[in-house]
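The exercises below concern a metal site, domain contacts and a chain interface. Each task is followed by a solution in steps.

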Amino acid sequence: MKKYNTPLIDDLEKGPWPSFVTEMKKAAKNNEMANDALGHLEKCYSTKVGYWKHGGIVGVLGYGGGVIGRYSELGGEFPGVAHFHTVRLNQPSGFFYTSKALKEICDIWDKYGSGLTNMHGSTGDIVLLGTKTDALEAIFAEYSSRGWDLGGSGSALRTPSCCIGPARCEWANYDTLDLTYALTQEFQDELHRPTFSYKFKIKASGCACDCVASIARADMSIIGTWKGDIKIDQAEVKNYAKTMDINAEIVNMCPTQCMSYDGKELKINNAECNRCMHCITRMTKALKPSGERGATICIGSKAPIVVGSLLSWVIVPFIKVEPPYTELKDLIRKIWEWWDDNAKPRERIGEVIEMKGMRSFLEAIGVQPQPQQIKEPRKDPFMFYTDEDIAAYKAKEAEEKKTGKYKF
Amino acid sequence: MKKYNTPLIDDLEKGPWPSFVTEMKKAAKNNEMANDALGHLEKCYSTKVGYWKHGGIVGVLGYGGGVIGRYSELGGEFPGVAHFHTVRLNQPSGFFYTSKALKEICDIWDKYGSGLTNMHGSTGDIVLLGTKTDALEAIFAEYSSRGWDLGGSGSALRTPSCCIGPARCEWANYDTLDLTYALTQEFQDELHRPTFSYKFKIKASGCACDCVASIARADMSIIGTWKGDIKIDQAEVKNYAKTMDINAEIVNMCPTQCMSYDGKELKINNAECNRCMHCITRMTKALKPSGERGATICIGSKAPIVVGSLLSWVIVPFIKVEPPYTELKDLIRKIWEWWDDNAKPRERIGEVIEMKGMRSFLEAIGVQPQPQQIKEPRKDPFMFYTDEDIAAYKAKEAEEKKTGKYKF
Amino acid sequence: MEMTELQNKIYAFCEAAKGKKKLKEKDIIKGVSEAEGAPADEVKKALRGMIDVGKLMYSYGGGASSVEIPSEEYLREKGLIK
Amino acid sequence: MALPQRKTDIGPPHYKQFLPPVIQKNYGKWKYHEVLTPGTMVHVAESGDKLWTVRVASPRLLSTETIREQCDIAEKYCDGHLRYTTRNNVEFLVSDEKKLESLKKELKDRGFKMGGIGPHITNVVHTQGWVHCHGACTDASGLVKAMMDELYDYFETKKLPNKVRLAVACCVNMCGAVHCSDIAVVAVHTKVPTIVHEKFKNMCELPTVIGSCPTRAISPDPAQKSVKINAEKCMYCGNCFTVCPPINIKDPERDGVAIVVGGKINSLRTNPKFSKLVIPYISNEPPRWPKVVAAIKHIVEVYAKNAKKHERIGEWIERIGWERFFSLTGIDFTFQSIDDFTFMRDTMRTSATFKW
Amino acid sequence: MALPQRKTDIGPPHYKQFLPPVIQKNYGKWKYHEVLTPGTMVHVAESGDKLWTVRVASPRLLSTETIREQCDIAEKYCDGHLRYTTRNNVEFLVSDEKKLESLKKELKDRGFKMGGIGPHITNVVHTQGWVHCHGACTDASGLVKAMMDELYDYFETKKLPNKVRLAVACCVNMCGAVHCSDIAVVAVHTKVPTIVHEKFKNMCELPTVIGSCPTRAISPDPAQKSVKINAEKCMYCGNCFTVCPPINIKDPERDGVAIVVGGKINSLRTNPKFSKLVIPYISNEPPRWPKVVAAIKHIVEVYAKNAKKHERIGEWIERIGWERFFSLTGIDFTFQSIDDFTFMRDTMRTSATFKW
Ligand code: SRM
Ligand code: SRM
Ligand code: SRM
Ligand code: SRM
Ligand code: SF4
Ligand code: SF4
Ligand code: SF4
Ligand code: SF4
Ligand code: SF4
Ligand code: SF4
Ligand code: SF4
Ligand code: SF4
């Protein structure tokens with residue numbers, strides 16, 4: 001095997017943080033592809049430019065995604081990366097593994113690929129980094145026969161992903177792992193066979209901490225919340241008071257200013273609490289949500305290309321999230337249907353909503369306008385009215401004339 | 001004179017608030033035009049629609065503005081309002097009058113017009129409501145010979161206007177009346193002869209109270225401010241404490257949280273004060289700005305048509321405002337020049353800045369970028385760089401390599 | 001260029017646009033100074049001279065101001081013709 | 001009779017000649033002021049001199065007769081000095097304390113109304129409406145009269161947490177700072193305009209008309225030598241009508257008003273704010289627009305009951321959240337309140353934190 | 001050797017089989033947790049059962065060899081159970097308190113790094129860079145390594161006012177939640193792309209390419225059967241390059257990085273926020289990008305010194321104002337920081353209230 005001289009990236013083996021270069025070298029010891037990847041990267045570092053080409057059309061029979069084609073312009077110089085495709089495997093909910101399962105994944109990958117991985121890709125997949133076109137079918141057969149399917153890519157549903165939720169967190173308002181598994185199974189067809197205008201991502205967080213960053217990078221963000229009061233254990237509050245300035249750290253930082261603490265008792269005006277989770281996270285032994293649990297559905301977040309980054313918008317303020325998740329699945333189907341009808345190629349759902357207006361979207365999916373959906377009402381006077389709207393206002397006015405009472 | 005039956009608007013003579021209908025009737029007693037205006041208005045009330053037509057081309061010789069043409073579709077039925085043009089007279093700074101001056105205005109108006117006025121129009125002019133085309137030259141001769149000139153209209157500088165400022169207010173940071181007078185005189189040509197793409201309004205407020213609403217409705221908003229500390233008279237603070245909960249009403253409402261009050265002494269961390277004026281207005285005997293005085297220049301506010309309402313944007317965080325106001329006059333000329341070069345017809349300065357970008361505007365008028373101009377920096381990564389920008393960054397980096405110290 | 005000659009050019013410029021395009025003062029100054037090589041401020045002065053005596057007039061329509069050749073009605077109202 | 005010689009470009013008269021002597025003397029040297037009653041205040045100069053102001057309500061639309069009456073009063077008590085405010089009230093400027101009470105008495109006897117200083121409702125910014133404008137979807141003066149009759153106590157006596165600035169826009173041109181008012185009425189058309197195609201060519205400029213439309217609903221109609229309007233995209237702003245008279249947008253049954261709240265001009269405590277739409281449509285009901293008036297009064301009352309001292313309506317709402325404003329007032333939340341124009345992206349909620 | 005029979009549409013394995021018994025038993029019934037050290041925490045269930053977590057730093061780019069090593073450790077101390085986090089760290093899940101210390105010792109001996117729990121800097125979200133992506137303007141993994149070597153103490157020991165989430169975007173596609181990070185590096189192109197016109201026709205779709213441009217800088221070039229780019233309007237986002245390979249945008253001397261700060265994902269206290277641009281350009285300086293690293297460290301230190309406990313960087317900045325952030329950090333304010341894209345109107349200051 002060729003030994004590359006890699007002074008620039010060698011420098012990145014120094015220092016306390018674990019080194020990706022060391023990882024590449026480990027793989028390169030007995031893998032041509034990884035070895036050439038190392039030389040190829042040193043070349044990039046020395047010239048300050050990348051040499052990868054656009055992905056071509058590679059994949060496994062019958063699927064439209066799960067493999068990202070990648071070729072190098074320097075295939076002559078570094079034959080091991082002339083083809084260097086990525087395979088995405090759909091991770092288990094919550095990124096839990098047993099050593100047995102992981103070793104199995106490694107065995108197959110060592111057999112067919114570069115021995116390099118990302119644990120995990122940014123969407124959530126297990127990313128197997130670098131293989132050749134002619135190995136793809138074998139890779140798929142090996143993995144799928146052992147229970148591992150590919151993840152999403154292209155204009156399709158992307159691999160759903162979630163926070164650790166009820167598996168290890170006291171704040172989960174619904175079962176993020178189960179929902180993610182259920183949706184992934186329900187929509188296998190949409191995940192593997194690209195029929196959308198562009199990608200669609202789903203991420204599930206159990207509470208407002210949003211540990212899977214759903215609000216910023218999911219076309220559908222499912223964020224757990226609750227309806228009841230925050231229960232207070234005053235004895236535990238006393239314990240916290242020993243090490244914490246409760247007024248400075250909690251009461252004054254409450255965004256709705258609905259708390260008070262007189263040095264003895266902590267009080268919450270629950271009607272005005274917006275469930276931001278700050279107090280709960282800082283006093284987890286003393287404070288606990290109660291009552292009905294469910295999620296807020298937000299739609300539309302994405303990266304900046306084309307119209308600038310979007311954060312997801314509240315569409316359904318509260319929805320029950322319980323197996324078999326029928327209501328949520330129906331909602332997803334309705335959303336896709338409207339999106340499909342209205343999107344131009346490469347338009348994400350958020351972009352289409354912005355283009356067509358929230359009303360068109362909400363009416364199509366059967367959701368009422370609610371002030372919970374907005375931060376503030378419109379500022380400009382350029383309202384649309386349908387003839388039915390005006391007729392309804394006039395009917396209301398006629399009614400008011402009769403009853404003598406206004407309903408604004 | 002015809003007596004109209006006006007049951008609908010008669011109802012508006014009842015009730016405690018002074019009635020505009022009563023005013024119209026007063027004028028109608030001995031004025032045909034006012035009398036027909038009354039009948040005409042009753043007609044609008046009964047049919048719920050207006051009958052005025054678009055203004056035609058009326059004005060006084062040599063001027064392009066100051067008269068708003070108005071005709072009624074119902075000229076046959078109400079001949080007194082067949083022509084019903086408005087004359088705008090440029091008000092004195094601060095809307096101060098003597099009875100002598102006002103009576104003179106009334107005398108001329110009774111002679112040639114409807115006897116109806118608006119004290120004042122929304123821009124600030126004395127509005128003389130309703131006259132005929134053939135009276136315009138006479139009206140202008142009568143008023144101008146007595147020292148009253150017309151105000152602005154059309155695609156021109158509009159009549160500048162200001163708050164009462166130093167004439168009766170302890171908070172004025174510059175002489176709003178004098179500046180307004182000086183600018184109006186300096187730019188007479190631009191006011192009377194429309195050479196702009198659209199209207200341009202200037203409003204001058206002496207402090208952040210903005211009693212002339214400049215920030216919302218002036219292409220150039222001039223808002224007084226200061227640079228020094230807020231001086232505190234602790235004895236007066238004690239007096240206020242008798243009737244005021246200083247912590248609740250002042251300290252906790254301070255937007256920068258830079259105040260504290262321990263029941264004895266009021267403290268302000270002036271470095272962090274943003275000069276919002278809240279504390280000063282509520283404790284005017286105790287608190288006084290000090291140090292250098294001047295104004296913040298904001299640009300661009302306007303009503304919603306076409307792109308939605310704009311509030312004015314901070315362009316020059318601080319400028320001295322002292323006679324002969326050379327710096328400010330030069331700035332205005334530079335702004336007009338850039339606007340002229342870049343505006344499409346009927347585009348206000350704010351719209352053009354939004355279209356062409358703030359950088360183009362600031363560079364043209366010679367103002368540096370400063371964080372005071374923004375609420376927050378850009379969110380998207382779609383930055384423009386000139387070759388000079390990049391060269392400058394590279395030069396800085398080369399310099400840093402030499403000195404071993406980074407300048408971010 | 002002579003003031004009167006310049007004013008004739010301006011008048012011709014306005015006449016050419018009549019019924020086709022509403023001219024803003026700026027359009028005239030720019031157009032005539034480019035066509036005749038006259039400095040913009042001279043054109044402006046010449047134009048002002050014409051407007052002051054009713055050879056041309058400011059007009060307002062379509063929400064914006066423009067410069068036009070006056071109608072007879074206007075001239076009559078201003079007492080410039082009988 | 002020969003006319004006097006006209007003068008051009010003289011500009012307004014110099015303000016100084018109109019200032020009362022006490023102002024000329026203490027100009028720029030005021031020390032503080034005190035509000036004595038909702039209709040009177042006194043400004044005290046560093047010199048110790050005092051100036052009393054009596055503020056009187058005005059319908060803004062004044063006959064010369066009333067102006068003369070105001071002048072007579074000013075001559076009697078103020079050496080002929082008076083001024084108008086930026087919100088169109090009248091202010092009598094008194095230098096001699098002894099004249100203050102008799103001035104107030106005479107004003108009262110003559111039926112003038114005093115008030116509006118301090119945390120009260122003062123005059124309503126409004127413009128022409130049916131009285132003088134071709135674009136109006138409602139009458140402004142009548143609405144203002146109806147509103148202020150109903151809210152009158154807040155002008156003359158009743159305190160509020162802070163000033164409440166009201167305004168009426170008789171069309172979306174919004175001649176006034178309507179878009180930043182605590183509560184404003186905005187009159188709207190609600191029907192797609194019709195076009196008299198025959199007149200288009202002579203009266204309108206094609207590029208101007210096309211450029212006038214905020215939503216790009218207008219395109220050329222070469223066959224008719226006119227334009228056509230895409231009804232899907234038109235939101236009836238009337239700007240095409242402004243630039244082109246053959247476009248007709250007025251409709252007596254469909255024109256009506258919307259109510260916006262929460263705006264603010266000054267920078268005290270919080271930044272200036274735009275007003276936001278809360279009631280999308282109420283029919284025009286001259287002469288007194290009872291539902292509009294009732295809605296405004298209701299909002300003022302809910303505010304008065306719930307806001308903290310010094311909070312403006314918009315500040316109060318931002319503290320409690322718009323969802324709470326809607327539930328406290330019981331106002332229906334409609335699709336129209338969701339921005340679908342420029343600011344949609346910034347006005348949608350992007351977090352799971354809100355109140356039920 | 002014959003391949004096994006492929007299966008399709010099976011989806012991922014069910015997660016339950018991978019959960020340690022203590023989780024299976026207490027699933028959804030956790031009561032509270034305590035952070036013991038920056039690298040360890042314990043979750044306590046209502047049943048009283050406990051689960052210890054040891055968090056270990058990962059470069060994310062892992063060789064199968066290292067994964068196997070992680071597996072071996074998990075087998076020794078965790079009955080083979082481990083997981084990865086949403087920010088790509090590794091977590092060892094310990095059910096038996098007795099094994100905790102020996103696990104930590106072995107991890108330490110093998111050179112694994114523990115930390116990142118609580119108010120610390122944890123792993124940096126980043127993506128492929130030069131390691132695997134065609135669009136990269138920089139390398140992501142190298143930048144992350146350089147940053148974390150320098151900031152390492154904040155991972156392992158040093159407390160901050162709150163979590164600081166770092167991210168690197170190797171191009172403006174921003175694969176990761178880079179746009180809402182406390183501090184992020186965004187790699188940018190800064191030159192207008194060139195086009196190989198001959199290849200355009202075969203490799204690209206005209207409408208797609210034209211539609212790809214956020215600023216509408218691209219128009220058809222019928223003569224060349226290709227497109228042309230208006231250099232005035234192009235801000236080098238590279239989206240045209242994404243959809244059309246013959247468009248070339250990479251330039252080794254001009255590609256570089258920008259630094260954005262103040263973003264936030266969660267809804268605690270304040271709403272999620274986008275990160276905002278503060279340093280428009282730093283040249284690529286592999287292998288260690290010293291100026292980029294120094295800038296980030298400087299911002300972290302100014303934050304650590306000035307913020308209140310629990311304030312995220314963006315919350316701290318919003319409290320003190322962006323003008324104060326620039327003066328405290330001494331960072332030059334440039335034209336690039338003024339929005340000229342979508343949000344200009346909302347990001348300009350509309351009041352005379354700011355700090356000097
Ligand atoms: C592998 C991965 C990065 C990683 O190292 O983790 C990735 C890699 C690529 N992304 Fe991504 N994206 C990855 C997660 C994301 C995310 C984050 C997420 O999903 O949570 C985003 C931001 C959220 C979003 O979807 O907006 C993201 C936003 C994009 C975009 C911009 C999309 C947009 O609408 O703005 C593109 C451009 C495109 O689609 O053409 C893109 C395109 C790409 C392409 C396919 C390059 C291209 O232009 O065609 C990259 C292939 C790189 C390679 O050769 O390996 N990638 N991409 C991530 C997927 C791994 C996985 O399946 O787990
Ligand atoms: C008279 C006055 C209302 C009043 O009763 O006080 C007025 C009356 C008209 N305005 Fe105005 N505007 C008046 C102050 C304003 C203001 C307020 C201000 O100046 O402080 C504004 C909002 C601020 C602004 O400039 O944006 C204002 C924004 C408009 C607009 C929208 C302009 C825009 O860029 O959005 C138009 C439409 C237009 O220009 O075509 C307009 C147009 C009009 C026209 C000329 C109608 C038209 O479409 O041609 C109105 C003539 C009515 C009439 O027949 O009397 N008027 N107009 C005000 C001027 C009196 C004076 O000189 O003192
Ligand atoms: C007379 C007038 C100026 C003029 O040149 O005509 C004026 C005069 C004063 N204003 Fe004003 N303001 C006047 C219009 C305004 C406006 C403009 C407007 O409403 O269109 C504003 C901005 C409105 C807004 O913010 O939306 C305005 C916002 C203020 C404020 C800020 C109130 C707040 O806390 O939100 C103060 C401070 C205060 O009230 O203590 C103030 C304070 C004052 C003081 C106390 C200043 C002083 O020391 O003399 C004056 C008497 C107070 C009063 O009326 O309560 N003035 N004031 C205007 C009277 C209008 C009227 O007839 O009612
Ligand atoms: C393990 C992980 C979830 C997972 O499924 O993998 C996780 C786990 C926990 N998160 Fe998280 N968060 C995890 C990613 C996130 C993310 C996502 C991200 O960074 O991309 C966020 C949103 C980031 C943001 O806001 O910008 C996140 C924002 C929080 C917060 C809010 C912090 C704040 O006050 O701003 C809390 C509450 C807290 O710290 O008390 C929290 C709290 C927690 C708790 C205490 C929840 C619990 O009771 O178990 C967990 C340990 C805390 C810790 O790491 O400090 N977690 N947490 C993720 C660990 C990532 C890592 O390796 O470091
Ligand atoms: S998002 Fe909430 S429920 Fe999920 S892991 Fe984070 S804190 Fe727990
Ligand atoms: S959850 Fe948030 S809003 Fe509710 S009481 Fe706690 S800190 Fe306040
Ligand atoms: S703006 Fe300021 S200076 Fe002017 S009158 Fe109002 S309070 Fe006084
Ligand atoms: S002026 Fe405003 S910011 Fe300054 S101390 Fe007073 S209340 Fe605070
Ligand atoms: S708001 Fe509209 S209707 Fe009212 S005066 Fe202005 S242009 Fe006329
Ligand atoms: S009314 Fe307004 S939105 Fe409708 S076509 Fe005319 S300009 Fe366009
Ligand atoms: S951010 Fe850009 S360069 Fe990095 S992986 Fe994503 S598409 Fe590739
Ligand atoms: S790089 Fe971006 S801005 Fe430039 S032409 Fe391509 S798509 Fe348009």
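**Exercise 1.** Locate A:C211 in the secondary structure of chain A, and state which metal it serves as donor.

*Solution.* Step 1: A:C211 lies in the loop that joins strand 9 (202-205) to helix 8 (214-217) of chain A; helices (H or I, at least four residues) and strands (E, at least two) are DSSP runs, numbered from the N terminus. Step 2: the SG atom of A:C211 is 2.3 Å from the iron atom of ligand 4 and is its single donor from the protein. Donors are N, O and S atoms within 2.8 Å of the metal (3.2 Å for Na, K and Ca); water is not among the atoms, so sites may look incomplete.

The model is predicted: local features need pLDDT of at least 70 and side-chain atom pairs pLDDT 80 or more, while totals for chains, interfaces and linings use all residues. Residues are numbered from 1 along each chain as its sequence is written, chains are lettered from A and ligands numbered from 1 in the order in which they are written, and side-chain values use heavy atoms, without hydrogens and water.

**Exercise 2.** Describe the contact between domain 1 of chain A and domain 2 of chain A.

*Solution.* Step 1: chain A is assigned domain 1 (7-145), domain 2 (161-226 + 296-373) and domain 3 (230-289), with bounds from an automatic or database domain assignment. Step 2: over C-alpha atoms, the centres of domain 1 and domain 2 of chain A are 30 Å apart. Contact (heavy atoms within 4.5 Å) involves 13 residues of domain 1 and 15 residues of domain 2 of chain A. Step 3: these two domains bury about 990 Å² between them, with 52% on carbon and sulfur atoms; buried area is the accessible area (1.4 Å probe) that two parts lose on being put together, summed over both. On the side of domain 1 of chain A, A:Y63, A:S93 and A:T123 supply 42% of the area buried against domain 2 of chain A. Step 4: there are zero salt bridges between domain 1 and domain 2 of chain A, a salt bridge being a side-chain nitrogen of Lys or Arg within 4 Å of a carboxyl oxygen of Asp or Glu.

**Exercise 3.** Which residues of domain 2 of chain D lose the most area to domain 3 of chain D?

*Solution.* Step 1: about 550 Å² is buried between domain 2 and domain 3 of chain D, and carbon and sulfur atoms give 65% of this area. Step 2: D:H134, D:H189 and D:F341 lose the most, together 55% of what the side of domain 2 of chain D buries. Step 3: the count of salt bridges between domain 2 and domain 3 of chain D is zero.

**Exercise 4.** Characterise the interface of chain B and chain E.

*Solution.* Step 1: contact takes 61 residues from chain B and 62 residues from chain E, and the buried area is about 5,900 Å², 62% of it from carbon and sulfur atoms. Step 2: B:R378, B:K379 and B:F408 lose the most area on the side of chain B, together 15% of what that side buries. Step 3: nine salt bridges link chain B and chain E. One of them pairs E:R324 with B:E272, whose closest N and O atoms are 2.9 Å apart. Step 4: the elements of chain B that give two or more residues to this side include strand 10 (220-226), helix 13 (349-356) and helix 15 (387-403). Helix 15 of chain B gives the most, with nine residues.
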